[in-house]
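Please open the model in your viewer and keep the selection panel at hand. The tour makes two stops, one at a pocket and one at a set of strands.

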Amino acid sequence: MATSSPHIYTTSPSTQLRPMLNLNPALHLFKFPQTPTKRFPSLKHVCDQGSLNEAFKSLTTFLTHQLSPELSLDAAYSPLLELCAKKKALPEGQQLHAHLIKSCAVWDAKLVYMYGKCGAVLDARKVFEKMSHRTVFTWNAMIGAFAANGEPFKAIEMYNEMRGFGVRLDSITFPSVLKACVAVGSLCCGEEVHGLAVKCGFDDVAFVVNSLVAMYASCNDLGAARKLFDGVGDKEDVVLWNCIISGYSARGMSDEALGLFREMQKVGVAMNTYTFVAALQVCEESFCGKVGMEIHATVLKLNYCVDNYVANSLLAMYVRCGKMEEATRFFGDLDDKDIVSWNTLLSGFVQNGLYKEALMLFRDMQRFGHRPDQVSLLNILAASGRLGSLSSGMEAHAYATKNGFDSDLQVGNTLIDMYAKCSCVNLMGRAFEKMPNKDFISWTTIIAGYAQNNCPIEAFELCRKVQMLGLEVDAMMVESILSACGALKCVPLVKEVYGYAIRRGLFDLVLQNAVVNVYGQCGYIDYAYRIFNLIESKDVVSLTSMISCYVHNGLANEALEFCHFMKETNVEPDSIALVSILSAGLCALMKGKEIHGFITRKGFILEGSVASSLVDMYARCGTLKNAYNIYNSVRNKNLILWTTMINAYGMHGHGMGAIDLFKRMQDQQIVPDHITFLALLYACSHSGLIDEGKGLFKIMRHEYQLEPWPEHFACMVDLLGRANRLEEAYHFVNSMESQPTAEVWCALLGACHVHSNKKFEEIAAKKILELGSKNPGNYELVSNVFAARGRWEHVEEVRMKMKGIGLKKNPGCSWIEAGNKVHTFSARDKSHPQSNEIYQKLAQITETLEREAGYVVQTKCVLQNVEEEEKVQMLYGHSERLAIAYGLLNIPDGTPIRITKNLRVCMDCHTFTKLISKVFWLVLVVRDANRFHHFEDGICSCGDFW
């Protein structure tokens, strides 16, 4: 803003505003000196030094020592009022105003200017309205006050009033008016002011041109802004360059902004803070990141790093480009770190998934005496939620409450989200209820939180409340409701929500994908596929949803076939799609290797869920060595990866390997969770490690304070039962604090059946039938136990009960990969194109085993009330035998035959496969519902213990 030259004012003293103030120090009326006095520095010189205290002392000295009459009132007060304006020192300015009133001096114009700059618009207006004579400077000061203090409409109104009174505009008028035009977003108004500037002959005044360029750029007319910029002949004004670069920067037009920055360097215009900040704001991604580093070099050369604005912009540039190592290093080198510096790095850690680093930085921030603000809290709450760190989130919540941030709407919404991600539903609901004000985001977040934490009823209740309050339901809320429908497995509700979304015009691609996903969760694959086909512009999420649908419903073969569809549509899978495909769960080793190759070629980083899924895939395909190689190649191993590798050892019968890995995990300070201990107990159970398993169960409860789930109890019962310690297993079940679930009793029943313990067998079977279950496997186990005892009436009762509650027996299926294709076989299946050859080959194998290895079929394994001959034929038609015969026909000699079965391998098929490995010199890897069996030279890796 330009300063004014001296003006003459003629307002009467009686019309002055008289603020009620205590003057300190007292300013005495000035008297002309009678005798010569010593020389003092001029008051203007003191004000130029920028110290208010020194300026007031100098004024008092001038008045006290009765300096020469040459000193006018203008020379005494004008610089001091300007200093108050510059420093936004309102109390001091009010003291001067009060003294001017006592002195009967007329200083209205400078008072308007001072009050405007200090943000006291009402005071400025009062002074302005009581003036009888207003100069152009006074009008400009009042327009500037409105424009600078968030009242642009009043600024434009004042401008129109000024023109109505016929006041002649000067060049100073235009910047403030143009700033007001930008604030109201009126390009039309700005163009009108531009026309007047041309008419008045001010279109060649540098600061007017700068303001016009800034106006056009801010109003998104960069063409006009650039035309004005290009029309300037001598571009030596740094403000002009800053205006145009900032315009492009604000619109994210990095090429144009950085091009002008380089042109500015060539021309040799001296850059300032605003130049660097504007250029750094558009530096993103790899290319612009290099330019950002060049700018950093220029900043260092010109010694601008001491400027906090530039330093923080450099830090933000490194964060946006994902260069967190450079950002951390630069932050460490900063001498003067302000709250913006800390928040910028904190946000960077959160945005780049470095949540633990964010928590550490937050603690350092407090340790170094910086008080976290709202931005700090939002970031730390987000980091706590994504880490699932409830303790850190609660600490942040306590800090927010103590410092009054908890009433902030955005903080409240983030608190809800944090508790939702930490699966702490009670505290989430309490945080929501305590919010003094709730917006639409609050309702959407709490509904999503309940849906994500398997509380669908609460989600629906809140959705109804939203409708009762008259709030408009949007697509995001509908997506959360669909998630709740999936948890309830309620298809009629899905259809209702689907219809609502269509009627309200909310059915966009995101919701279409969500509907595909929820139909898959409900088991309605045909519906899901129908919606999928209706999607016109299928994206990677659409395809991933459909793959997940197949995987969720056990149709792994169809999921893998869908990969070919992705290739045909030229949609490249992302990490989520790859994880979905890898989790299909088949022993499709060749397909898995193909996906691994794709991951490597496309440069996906082997970490997180991708690495864990690859380890799991190789383990499930029977290649434990490959699984370990992937695990070992990951630099930053998270808990999921450790747990996956422990589970891999367990399913292959390497119990001690799993325990050793757990000890290494503890040495790395990785805290295990419930799933880790479940994998460990499973490994101990399948390796017969009784004492080790019992020890781990104690560690879980007492050292890590983890309350066991029903699955942990079931594992412990299985562990004891397999070792024929059935009395101990039974007492363990009875000692449980909570009621034993059907799964726990099933573990006991299975062990009793293997070891022929009729006493506990009867108790366990009765408990399973009393508790009921939606798992058909539980009823099948009871049925098999009764069948083995010849209790066919009880078998029929169990089957009728299953039929009454809509449960069906899971048919036995086996899969084998050959020729880069997965082939499926069910019991006594004759649907395969090579069916005749398969049965002929199987007959030859059986005959060879009977002749050379003394194989005798064990009909006791058939738990059905049929003739012996029928039992023999049923065993010969088991799905894994058909898969083995197919493998011998189609897999090259010397290649291991890998088979997956969805049920436990029966004793007869286990013996049959052992003999095949010995007589035919084969290696067979069979994965059943319980574990892996590696058959070689007549021996199985399970030691006949499965």
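Helices, as the word is used on this tour, are DSSP runs of H or I with at least four residues, numbered from the N terminus. Bear in mind throughout that the model you are viewing is predicted.

Begin with the second largest pocket, and select Lys-356, Leu-387, Lys-637, Asn-638 and Leu-639, which lie nearest its centre among the 32 residues of the lining. The space around which you are now centred amounts to about 1,600 Å³.

Next, colour helix H20 (355-367), helix H35 (608-620) and helix H37 (639-651), each of which supplies at least two residues of the lining of this second largest pocket. Which of the helices gives the largest share of that lining? It is H20, from which six residues come. If you then colour the lining by residue class, you will find 15 nonpolar, 10 polar and seven charged residues.

Now move to the strands, and select E4 (residues 923-927) together with E5 (residues 932-936), which run antiparallel and are joined by five bridges. Within this pair, Val-925 stands opposite His-934 in E5, and if you follow the chain from E4 to E5 you pass through a hairpin of four residues.

Finally, extend the selection to strand E6 (residues 939-940), which runs antiparallel to E5 and is joined to it by two bridges. Here Glu-936 stands opposite Ile-939 in E6, while the hairpin formed by E5 and E6 has two residues between the strands, and Asp-937 in the turn has a positive phi of about 55 degrees.

Technical notes:
Residues numbered from 1 in each chain as written. Predicted model: local features only at pLDDT ≥ 70, side-chain atom pairs only at ≥ 80, totals over all residues. Heavy atoms only, no water. 1 Å grid on protein atoms, 1.4 Å probe; cavity = no way out; pocket = protein on both sides within 12 Å on 5 of 7 lines; lining within 4 Å. Points joined across faces, edges and corners; volume = space filled by probe spheres on them. Nonpolar A, V, L, I, M, F, W, Y, C, P; charged D, E, K, R; others polar. Pairing = 2+ DSSP bridges.
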